[in-house]
Structures are given as C-alpha cells and as structure tokens.
Amino acid sequence: AAADAEGGDGIRSDEGTKGMGRWKVARVQRGAVRTNCMDCLDRTNVVQGLFGRHALYRQLHERQGLSLSRMTGAGAPGGRTLPLEYVVSYKRRPLVLPWSSGEDAHRRLWADNADHISRLYAGTPALKGDFTRTGRRTKRGALDDGLNSLQRYYLNNFIDADRQEGMDLLVGCEPFAMVGE
C-alpha cells in the first residue's frame, strides 16, 4: 500500500490513489469558534481574521502527505510540509503568517470577504478595512470609517425599511399574497 493519502476533510485511505483501502478518521474537531454577531460586524471580522489565520497555519503545519524534501530538498518523505524557519517564525509572531505572500493573500481575501458581507448587511464596505488589509490603522482608514458610518446611519434610518421588506420576501418571512396589498 502507498503512504497515507489525506483528503481535505481529515479522512485518510490506507490504499493511496486507488481509494479501495480502509478509511479512517485522522482528526476529530474538538470545538468551534462562533463569532457571528451581526451587531458588531466589523469588530467580529477582525477577531475572525485572527482565528482564521491561526487555523490556516495549523492546517498547513499539520498536513501530511507532501514531503519536506519536495519543498526544500531536505527532510524525510511524509514529514511536515512547513520548513523549520516558518515554524519558528510563527511561534515568535503568532498573529502573522510566517510567509509574506500567504499573509498578504490571507489579508486581502479576508478583507474582500468582509466588504462583501458588510455591503449585503449594512450597505457599505466593512469598517476597519485598513486594519484587516494592512495590520495597522491609518488616518485614511479612520476617515473612510467615518464616512461609511454616516452612510450607514442614513441607510438605516431612511432606506432600510424597503431593503428589509425585500429580504423578508426573498427568504419567505412575508408571503407573496401580501405584496400587493
């Protein structure tokens, strides 16, 4: 049998590529982080970004199947996929991924996702987007947050009733028969 081949869902086959072998659970989730309070949408996104970054690092650090020798030319087959300097770097600075391209991509992806969710819920891009994208607050970011907050105030007080009626209709809270009345 070939070396264990791990699927993306934590299930491994003893048979490798043919998939005809025995399957076993490689890892069981022991908990969950739930921070989906829409009333504090923007702060929640910042915190979730930290949890997401940690989860990504752990998944890559613990992933087996690729040998370190394929990445760096050293190490034993089936070993950890992250080089030692990445592991040491992450232990020193656990709020930042140890490779810059991964950190940049994670920040952009997380900030873009936050903007899309915020536009759906609040009608504006996410607040604190500068922090999510760069890891620090800027004067421009604070100004943008102020303008977005003013826009949210206007939308919530003058426009939101129509949007809420549309959402209620879309998700089935309001029957279609009531629309024309």
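## Surface and burial

The protein exposes about 12,900 Å² in this predicted model, and carbon and sulfur atoms supply 57% of that area. Of the 181 residues in the protein, 25% are buried.

## Overall layout

Walking along the chain from the N terminus, you meet the elements in the order β-β-β-α-α-α-α-α-α. That gives three strands and six helices.

How far apart in sequence are the partners that touch? Taking contacts between residues at least 6 apart in sequence, 39% join residues at least 24 apart.

## Helix α1 against helix α4

Two numbers are handy for the helix pairs below: packed helices are described by the angle between their axes and the distance between the axes. Let us begin with α1, which covers residues 41–62, and α4, which covers residues 100–122. Their axes come within 11 Å and cross at roughly 145°. The crossing of α1 past α4 is right-handed.

On the α1 side, the contact is made by Leu41, Asp42, Asn45, Gln48, Gly49, Gly52, Arg53 and Leu56. The α4 side brings Glu103, His106, Arg107, Trp110, Ala114, Ile117, Ser118 and Tyr121. Sorted by class, this contact holds six nonpolar, six polar and four charged residues.

## Helix α4 against helix α6

Helix α4 also packs with α6, which spans residues 139–171. Here the axes lie 10 Å apart, at an angle of about 65°. Because 65 to 115 degrees counts as roughly perpendicular, α4 is described as roughly perpendicular to α6.

Which residues meet at this second contact? From α4 come Ser118, Arg119, Leu120, Tyr121 and Ala122, while α6 offers Arg152, Leu155 and Arg163. By class, there are four nonpolar residues, one polar residue and three charged residues in this contact. Ser118 and Tyr121 are listed in the contact of α4 with α1 and in the contact of α4 with α6.

## A look at Arg152

Is Arg152, a residue of helix α6, buried or exposed? Arg152 has a relative accessible area of 12%, and since buried means under 20%, Arg152 is buried.

Leaving aside residues up to four places away in sequence, Arg152 touches Asp42, Ser118, Ala122, Thr124, Pro125, Ala126 and Leu127. Some of these partners have already appeared: Asp42 belongs to the α1 side of the contact with α4, and Ser118 and Ala122 are α4 residues that meet α6. Arg152 in α6 thus touches Asp42 of α1 as well as Ser118 and Ala122 of α4.

Conventions: Residues numbered from 1 in each chain as written. Predicted model: local features only at pLDDT ≥ 70, side-chain atom pairs only at ≥ 80, totals over all residues. Heavy atoms only, no water. Helix = DSSP H or I, 4+ residues; strand = E, 2+ residues; numbered from the N terminus. Buried < 20%, exposed > 50% of the residue type's maximum accessible area, 1.4 Å probe, protein only. Contact = heavy atoms within 4.5 Å. Areas by Shrake-Rupley, 256 points an atom, 1.4 Å probe, with all protein chains shown as cover. Axes fitted to C-alpha atoms, helices over the stretch in contact; angles between N-to-C directions. Left-handed = near helix turned anticlockwise from the far one by under 90°. Nonpolar A, V, L, I, M, F, W, Y, C, P; charged D, E, K, R; others polar. Parallel < 35°, antiparallel > 145°, perpendicular 65-115°, else oblique.
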